[in-house]
Structures are given as C-alpha cells and as structure tokens.
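I have a new structure open and want to get my bearings. I'll jot down what I look up as I go.

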Amino acid sequence: MFGLEALDLARIQFAFTISFHILFPAITIGLASYLAVLEGLWLKTHNDTYRDLYHFWSKIFAVNFGMGVVSGLVMAYQFGTNWSRFSDFAGSVTGPLLTYEVLTAFFLEAGFLGVMLFGWNKVGRKLHFFSTVMVAIGTLISTFWILASNSWMQTPQGFEIVNGQVIPTDWLAIIFNPSFPYRLMHMATAAFVATAFFVGSSAAWHLLRGKDNPAIRTMLSMAMWMALIVAPIQAVIGDFHGLNTLKHQPAKIAAIEGHWENHGNEATPLILFGWPDMKEERTKYAVEIPYLGSLILTHSLDKQVPALKEFPPEDRPNSTIVFWSFRIMVGLGFLMIFTGLWSLWLRKRDTLYTSRPFLYLALWMGPSGLIAILAGWFTTEIGRQPWVVYGLMRTADASSNHSFMQMSITLIMFVVVYFALFGAGLGYMMRLVRKGPKTDEGKETNDGGPGQKRTPARPLSAADDDGAEHDRSLTKEI
C-alpha cells in the first residue's frame with residue numbers, strides 16, 4: 001500500500017508515538033522550572049499573585065506529567081517489539097543510559113512530586129519549595145540522560161564491536177559524545193521557549209476576552225521576558241549545533257541545505273526556498289543568496305559546504321523532508337524573536353496588555369514552540385538516515401522481523417488509542433487553561449488539589465475541575 005514496507009510502517013509508528021510523547025516532556029521541563037520560579041518569587045515578595053499562578057499551573061503540570069509518563073512507557077517497549085535487532089546490537093549502551101534516567105531523574109521526581117502537588121498545607125514553606133525545585137531538577141536530569149542516549153546514536157564513540165554487538169569501553173566518552181552538549185542545550189532551551197509561548201498564549205486569550213487582572217498580566221509579562229531573552233540565545237545555540245553537525249554529519253547538513261554539488265572553487269550559496277528532488281538530484285525552483293551558505297556554515301566567504309552528490313545515493317538522507325522541516329523550525333524561531341522584541345517595544349509604551357494585534361499574535365504563537373520542537377526532531381532524526389546508529393548500523397538492519405500486516409494493525413491501533421486518550425487529556429488540560437488562575441486559590445476551603453486539606457489518591461487528582469463529574473471520570477481514565 002502506497003509503496004510502503006513493514007520497515008516504513010515501523011518507522012512511521014515510532015515517529016507517531018514519539019511525536020506525541022516529546023510534547024509532554026517539553027512542557028513538563030518548562031513548567032517545572034516555571035513553578036519553581038513562581039514559588040521562589042512568592043516566598044521572597046509575599047505577593048499572592050505568584051502563589052495563585054503556582055496553584056493554577058501546578059494543575060496543568062499534573063495532567064501534562066501524567067500523560068508524559070504514559071506516553072513514555074510506550075517508547076521503551078517499542079525498542080523490544082519493533083527494533084529488537086537494534087536493542088541486541090546497541091542495548092549495552094542505550095539500556096544503561098535509560099536505566100540511569102530512571103534511577104536518578106524519575107525516582108527524584110516521584111519522591112518529591114507528591115509533596116509538591118499536595119503538601120502545600122502539610123509541610124513547611126521551605127520544604128515545599130525544595131520539593132518543587134527537586135522536581136524541576138529531575139526533569140532536567142531526565143533530559144540529560146535521554147539526550148545522552150540519543151546523541152550517542154548520532155555521534156557514537158567510547159565503544160568497540162565484539163561479535164556484532166557494541167561493548168562500552170569508556171562511559172564518559174559515551175555520555176559526553178561530540179554532539180551531546182549542543183543537543184542538550186538546544187533541547188532544554190527549546191522546552192523553556194515552548195513553555196513561555198504556551199503560558200503567554202494563555203494570558204493573551206484571557207486578555208482578549210476581557211479578563212484582566214494582576215495574575216493574567218504577570219503570566220504575559222514573564223512569558224514575554226523569557227521569549228525576549230531566551231529565543232535569541234536559542235538561535236546562537238542552534239548555530240553552534242549546526243557547526244557541530246557539519247563536522248560529524250556532513251550529509252545531514254547537505255540535505256538540510258538542499259545542496260547537491262559544488263562548482264569549482266565557488267562559495268556555497270544559501271537556498272532559501274526550493275524543492276529538493278531526490279530522483280533528479282537537484283533542488284527545483286531554488287531561490288538562492290550567493291555566498292551566504294558558506295558564511296553561515298563555515299563562517300567564511302570562500303569555504304565550500306559538502307554536497308549531497310559527494311555521498312553514495314544509499315547514504316543520503318531525504319533532503320525533501322529535512323529541507324522543509326528545518327526551515328519551519330528556523331522560521332518559527334525568527335518569529336519568536338520578533339514577538340519578544342515587539343513585546344519590549346509595547347512594554348516601553350505601556351501598551352503590552354492592551355495591544356490587540358500583539359495579543360492575537362501571542363495567542364497564535366502558543367503552539368509555535370512545540371511545532372518547532374517537532375520540526376527540529378524530524379530534521380535531526382530523518383537527517384541521520386539511513387543510519388540508526390550513525391555509521392555503524394543501518395535502520396533497515398535494526399528492525400524486528402514483522403510482517404506488513406502486523407505493522408499495519410498495530411499502527412492503526414496506536415493512532416486510534418493515542419488520539420482518543422491523549423486527545424481527551426489535551427482537551428481536559430485546555431479546559432483548565434481556559435478557566436484561568438483564581439485569586440482565592442490560597443484559601444483552605446476547597447475540597448482538594450494543591451494546597452488543600454484533602455490529599456487526593458492520584459497525582460492527576462491535583463487537576464480538579466470544580467467537582468465536575470465529567471472531569472472526575474476523565475481523570476480516572478487517564
């Protein structure tokens with residue numbers, strides 16, 4: 001069907017499930033740090049606005065955290081079910097790295113999550129703040145180990161191959177492989193930026209509907225400060241990441257640029273737009289800027305960038321996909337920087353909270369960070385093809401021996417279950433966002449949730465919805 005084979009369906013299934021999963025940890029990372037900042041500001045200033053925002057966003061954090069855990073479990077199982085030959089080949093590296101994540105990050109988060117969500121009136125303020133900080137640190141430690149594992153697959157080192165299996169010889173070299181520092185900073189920063197625009201979009205929605213109070217204004221203000229400061233930093237990190245990729249994965253860069261061949265000693269142009277054709281081995285309808293490709297990628301006006309025709313056809317990534325996924329990521333990045341600069345200009349004119357054109361932009365920019373993360377992930381992973389472990393094991397040699405029918409059935413099941421389960425969860429989370437922060441959240445008169453007297457039985461019970469029966473039943477299902 002559509003010229004697809006069992007291997008293609010296995011790749012699509014993995015891409016589909018991880019595309020859902022990656023969104024939840026990204027928001028979890030950003031929200032955990034945001035909650036730590038809010039509680040710290042409340043302890044320092046005693047401004048109840050920060051406390052109210054903490055209680056509001058901790059509910060959304062609880063729902064998001066729960067969905068992230070559930071979707072993450074599926075990823076681990078797929079290594080054994082669909083990619084067993086990869087697990088047999090490289091499991092001695094990826095297995096321990098994922099185990100370290102569980103033993104450090106997950107245990108740390110699990111140990112303090114209950115205190116963070118339900119201990120507001122049960123432990124001292126300093127202990128509760130410490131718990132929130134530990135959860136935030138736990139999310140970053142989790143990012144550390146996951147990126148160490150994935151980065152090793154991009155730039156493997158610190159091993160030897162014995163009897164067709166990878167044997168670790170230097171764990172420090174494995175963990176701190178050449179691409180790891182850049183990819184760790186890039187992903188962590190992306191999570192912060194994505195969360196900032198998610199929070200800012202929520203505030204813009206309420207302001208456009210006439211709900212204007214200190215809590216909503218603080219949400220928008222903090223989000224735009226984050227966008228103004230961190231989005232340009234992300235662009236700089238991305239530049240360093242690109243230089244690192246050029247050094248270790250030149251075929252990926254050539255595919256991203258849609259650059260097929262060099263001519264004499266001419267500098268490499270930057271192709272802004274076009275359509276890379278893998279069969280014809282050229283980029284159609286190319287709109288080029290002379291010299292700019294060399295300037296960006298080599299920081300010179302005379303050095304050339306490796307071209308796709310310098311690599312065998314079977315070793316070339318799909319330029320058509322990564323060319324456009326990269327441009328979506330970069331385009332959204334520039335739009336984020338523009339939004340941050342516009343917010344600064346409006347702030348100086350004292351119209352940040354009343355400029356409807358800006359508020360509409362902030363509203364529509366809500367999912368931009370998550371879309372950019374997905375586009376960046378597609379660029380990174382598809383750009384690594386045809387290798388599952390770069391230069392060592394091809395993706396075609398890594399999959400399990402499943403039939404086309406088996407992969408078709410499981411893929412359909414995943415699509416149906418994921419859209420039903422996580423669609424409901426996302427819908428519920430959006431309902432919480434639409435309610436907005438309440439200025440009386442600090443009181444002890446409610447039935448449960450963060451800071452209340454009753455301790456709910458499940459973490460997702462922290463995201464109560466004023467006792468609505470539908471939401472209680474939905475929480476149980478999740």
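My notes cover the domains, a pocket, a helix and one glycine.

**Entry 1: the model and its domains.** I remind myself that this is a predicted model. I looked up the domain assignment, and it gives domain 1 (25-177 + 417-439) and domain 2 (189-401). I noted that domain 1 is written as two stretches of the chain, 25-177 and 417-439. Taken over C-alpha atoms, the centres of domain 1 and domain 2 are 24 Å apart. For the contact, I found 40 residues from domain 1 and 35 residues from domain 2 taking part.

**Entry 2: the second largest pocket.** Next I went to the second largest pocket, which holds about 520 Å³ of space. I got 22 residues for its lining, and Phe198, Ser201, Gly366, Pro367 and Met430 are the ones nearest the centre. Two or more lining residues come from each of α1 (6-45), α6, α11, α12 (368-384) and α13 (404-435). Which element gives the largest share of the lining? I found that α6 does, with six residues. I sorted the lining by class too and got 16 nonpolar, five polar and one charged. Then I checked the pocket against the domains: domain 1 and domain 2 each give at least three residues to this lining.

**Entry 3: helix α11.** Since α11 turned up in the pocket lining, I looked at this helix by itself. It runs over residues 356-364, and I list Phe358, Leu359, Leu361 and Ala362 as its buried residues. Why do I put these on the same side of α11? They cover an arc of only 160° around the axis, so they share one side of the helix. My reminder to self: an α-helix has 3.6 residues a turn, so residues three or four places apart point the same way. On the other side of α11, I see Pro357 and Trp364 exposed. I also asked what covers the buried residues of α11. The cover includes α6 (180-208), α7 (214-248) and α10 (319-348). So α6 goes into my notes twice, as part of this cover and, because of its six residues, as the largest share of the pocket lining.

**Entry 4: Gly72.** Last, I picked out a glycine, Gly72, and found it in helix α2 (residues 48-81). Is Gly72 buried or partly exposed? I read 22% relative accessibility, so Gly72 counts as partly exposed, given that buried means under 20%. I also looked at Gly72 and Phe20, which are 52 residues apart along the chain. Their C-alpha atoms are separated by 9.4 Å.

Technical notes: Residues numbered from 1 in each chain as written. Predicted model: local features only at pLDDT ≥ 70, side-chain atom pairs only at ≥ 80, totals over all residues. Heavy atoms only, no water. Buried < 20%, exposed > 50% of the residue type's maximum accessible area, 1.4 Å probe, protein only. Helix = DSSP H or I, 4+ residues; strand = E, 2+ residues; numbered from the N terminus. Arc of directions from axis to C-beta. Contact = heavy atoms within 4.5 Å. 1 Å grid on protein atoms, 1.4 Å probe; cavity = no way out; pocket = protein on both sides within 12 Å on 5 of 7 lines; lining within 4 Å. Points joined across faces, edges and corners; volume = space filled by probe spheres on them. Nonpolar A, V, L, I, M, F, W, Y, C, P; charged D, E, K, R; others polar. Domains from an automatic or database assignment.
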